[in-house]
Amino acid sequence: MYSLCEKAKQVPKSSLISSYTIDSICLYSLRKAVKMRCVRQSRFRTELFSREQFTAAEQSSYVAGGSLQAQIQALQAHLQIVRSPQEQELILAQQASLIERLNEAQRQQQELQRRLQEQLIGIPQQPFQIEEQPVIRQVESQFQPQQPQFQPQQFPQQPQFQPERPRPQQQQPRPQQQQPRPQQQPRPQQQPRPQQQQPRPQQPQEPILFPAEAQQNTEGSLPCSTLTGEAGHCRPLVKCITFYAEVPELRRQPCKLQGQQLGVCCPLRKRPSVAPDRPNHGVLRPPPPPQVVIPPFTPQQLNNAAQEALERIRDRLQFIAALFANNIILHPATPAAWHLEFFQTTNATLDQGQQAQKNVEASVSLVNEFQLNPDQGTFALPTFSILNTVIADTCPRPTNCRPQKYRSADGSCNNLNNERWGKAGMALQRILPPKYGDGVNSPRVAANGQELASARVISTQFATDVNHPSENYTLLVMQWGQFLDHDLTHTPISRGQSGSGLSCCRDGAIITADLRHPDCFPISLPRNDHIFARFNESCMEFVRSLPAPRPECNFGPREQMNQITGYLDGSNIYGSSESRQRELREGRGGRLRVQNVQGRSLLPENRGECTDDNDVLACFKAGDTRVNEQVELAVMHTIWLREHNRVATELARLNPGWNDETLFQEARRIVVAEMQHITYNEFLPIILGRDYMDKFELTPRDAGFTQLYDSTLNPSITNAFATAAFRFGHSLIQSHMQGFTQFGSIRENLELSHHQFEPYVLYQDGALDNFVRGLSTQPSQRFDRFFSKQLTDHLFQGPLDFGLDLVALNIQRGRDHGLPPYNDWREVCGVNRARSWDNLREIMDSQTIEVLKSLYPSVEEIDLFVGAVAEKPLKGALLGPTFVCLVGDQFARLRRGDRFFYEEAGQPSTFSQVQLDQLRKTSLARVLCDNSDNNAFMQPLAFLQASFLNQRVTCDSESIPRVDLRYWTGERTA
Ligand code: HEM
């Protein structure tokens, strides 16, 4: 007989549906296998079945459990409303029958799980029996049920809350200098609300331990030895989150927990308590600039250059006005117009850019007048100040700062001595000095002065589309990355008159110089381009980033701006200015504005930006203007908007005396802490690897406060991070965004390029939940040099035949910003400089090196984005060494240079110890659960695909712990 197992092996990978369904299929298939006497020793995740083999009628007990619970809950809600005893009796009877079915479904599921677990750890087992009932019954009698069973007589449920007792004083090391505020006890009389009428579990599950506790509490777990011989303790995966970046290894070292469940051998290894081996804590220090000789300019010469700059600006404005008058502007509904939409620019930003342009012109004028070489322009010009020139008024003005409990809206005054560090509208900082063609302004060229290969040619040869779904990570890794990025970086691009978009291509070719805006830097397309040749296109639109005022108020190279706050401070939720924040706030109860759609809270409308074809449904408004770029990004914004309002509402209930302002600021403070905790506890260990996190003290502490704040460290976003390193996430993007129903079938399957700036699907009932399930189920793509064609040929394409190329944009953006090439970054990151192509072999495969050889004249010229994307990931990390170093540097700055960082002691913003203990329970899974409409299941480690080690549990499960806001009762207000 041709068994199901054999069939499964033959299913091509491409015809697989998502792992969400695969979970269900595997359970189903195992049941079927039992009937077919199919003995399988393969690992769980390799048991793959195609969609056709999975019929609706044969869904697993997992799914059945989910729907039954929903029905029981619905009946329970109904029970609250009906008055007549007959009706109540009827409902109770229905409930009893459903509960019985649910228990049966759960029993079956447990049995199936047990069998698969046995397979996973390779315990030899009996062939499956055709008569399955006796097996199940036999197992039932020995087997402790893992899932709670529902008891009809326990409806309605009583609140089960037991406030956690703060830990004993001696277990909470206090910071040495600054004493945190006295601990607050939750008021005994305050009871939390009952948890949405859930049936009470018979056996409360063990509380999950996050890193805070995981390292300390080993009670009740059995000692074991890891595959590498390290000492460990056998724990459920959720209690070993500290090591979750090493999940592939953990999977191979399963062990039995005391209750016979499957656990992982979690290493006992402690994090280094003392500083890492590099004294800089992972923060890169710029190398000292080379000594460059330059003629000593007189004040008069400097002022002349400034004067000339003002004249050039006047000419420039006239020219720009003429372009506008001649309609040489970007036309709407083109990919480049959507790109511009992505980069919405505020008037304040444009004004800043205008001021900075004066400095650029003055520096170019000095370079031209005195024939300075690029090194003189880059290194020596900055030794001259603009303070005594006619453009001195372009220097940013200092303001006075006082310590405050709450962050400012624009990030100013976070650092009390350098109030502009991390403030919106300031320049991105440089670790390495730029490499411009002329030393100050023109894009990078090869060392011999020749043009580099076209960014599009590099993209088509290097960044091909190969489907490599991740085996471990969900698409949430990608989505969190983009959402997080929109909290940290937004580099505005140059605009024309009245904020119009610049057009650099016309009739498929580069616009002639007499009609070309000076900030045009279009990408030339090869004649044989596989997409553009057909349309006779040889030009892709590209506009340079807006210049930023130089922070030191001196002459020198062009800088670029960060339009949003350069802190991990939720600016994507709250905006980066007072005025934006006011627009977004409801003005009551500390809440943010929402639009109510059939009882569901969605982001407020932004009708001015886009509407659907019928002009009925509108785009959304959020703290960051890029919210509408793709649906799943808008989902993440909606979830966090709701999280803010959920926290604000709960705080208002606990503190009836607080006004709107206090509620808003306190909720914001908590939400930002949650975002920081998720980033440092769950996300970064995946990206950078656990070793790196530990080595540079980036891992959140187990308990107590930190005193890592360094007021001399500039936390601002680095140019290399925004322009190359954090764009790593583009490699993780899937070509389709999938939404899943609660039964695991695909409801939405949106092709990326056709659904950008069209988030209207979220107005549909159930769509948000479908995408939350999709994000936590669909695998992300692996980090590698392969990118979806949706990004490289069809970005922002809409209904047209071709779009932009994101990889080419990234490469061109790096040249626009004068980012030094890849080899320079290897050196600063401590990866040896590659002296030859052969030297790359240590971290790149030979095929990749051959491609690079064909594209660059020498190993010295490789663009940073290209070189670092080509690197093989470091062990235990997603990224290779150069990106780990650059992303790590940025997050070390954001942690040590943020006075408001949630773990820090001794600041007006410092949380109390018990509050901090609560915040450390935050997980992305909890936030998704709490703020979906009706999503009942989630795996506790949401960035990891659900598996038997990271099983989906009900959202009310203790495996996804909650932050208890009662510890904020009576919180001191500012
Ligand atoms: C569907 C998903 C995404 C799309 C369509 C998208 C698209 C874009 C576009 C068009 C740009 C501007 C390119 C330029 O002209 O220079 C950009 C910039 C950027 N992207 Fe993405 N991106 C996505 C996801 C991500 C992810 C997952 C990450 C990180 C994990 C990321 C990080 C960045 C960064 C850091 C920038 C520079 C932002 C700035 O400083 O202005 N993006 N992205």
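Colleague: What makes E5, E12 and E11 an open sheet, and which strands are its edges?

Modeller: In this predicted model, the three strands stand in the order E5-E12-E11 with antiparallel pairing. Strand E5 (426–427) and strand E11 (547–548) each pair on one side only, and these are the edge strands.

Colleague: How do you know that E11 and E12 count as paired?

Modeller: Pairing requires at least two bridges between the strands, and two bridges join E11 to strand E12 (residues 559–562), the two running antiparallel; therefore the pair meets the criterion. Within this part of the sheet, Pro-547 stands opposite Gln-560 in E12.

Colleague: Why does the span of helix H10 agree with its number of residues?

Modeller: Helix H10 (residues 347–369) has 23 residues, and at 1.5 Å a residue these should span 33 Å, the expected value being 1.5 Å times one less than the number of residues. The end C-alpha atoms of H10 are 33 Å apart, so the two values agree. Just after H10, Gln-371 takes a positive phi of about 50 degrees.

Colleague: What makes a residue count as near the ligand, and which residues come nearest?

Modeller: The C-beta atom, placed from the backbone, has to lie within 6 Å. Of the 22 residues around the ligand, Gly-481, Gln-482, Thr-489, Thr-491 and Gly-729 come nearest. Helix H9 (335–342), helix H13 (476–488) and helix H22 (806–816) are the elements that give two or more residues to this shell, and H13 gives the most, with four residues. By class, the shell has nine nonpolar, nine polar and four charged residues.

Terms used:
Residues are numbered from 1 along each chain as its sequence is written. This is a predicted model: local features need pLDDT of at least 70, side-chain atom pairs count only at pLDDT 80 or more; totals for chains, interfaces and linings use all residues. Ala, Val, Leu, Ile, Met, Phe, Trp, Tyr, Cys and Pro count as nonpolar, Asp, Glu, Lys and Arg as charged, and the others, Gly among them, as polar.
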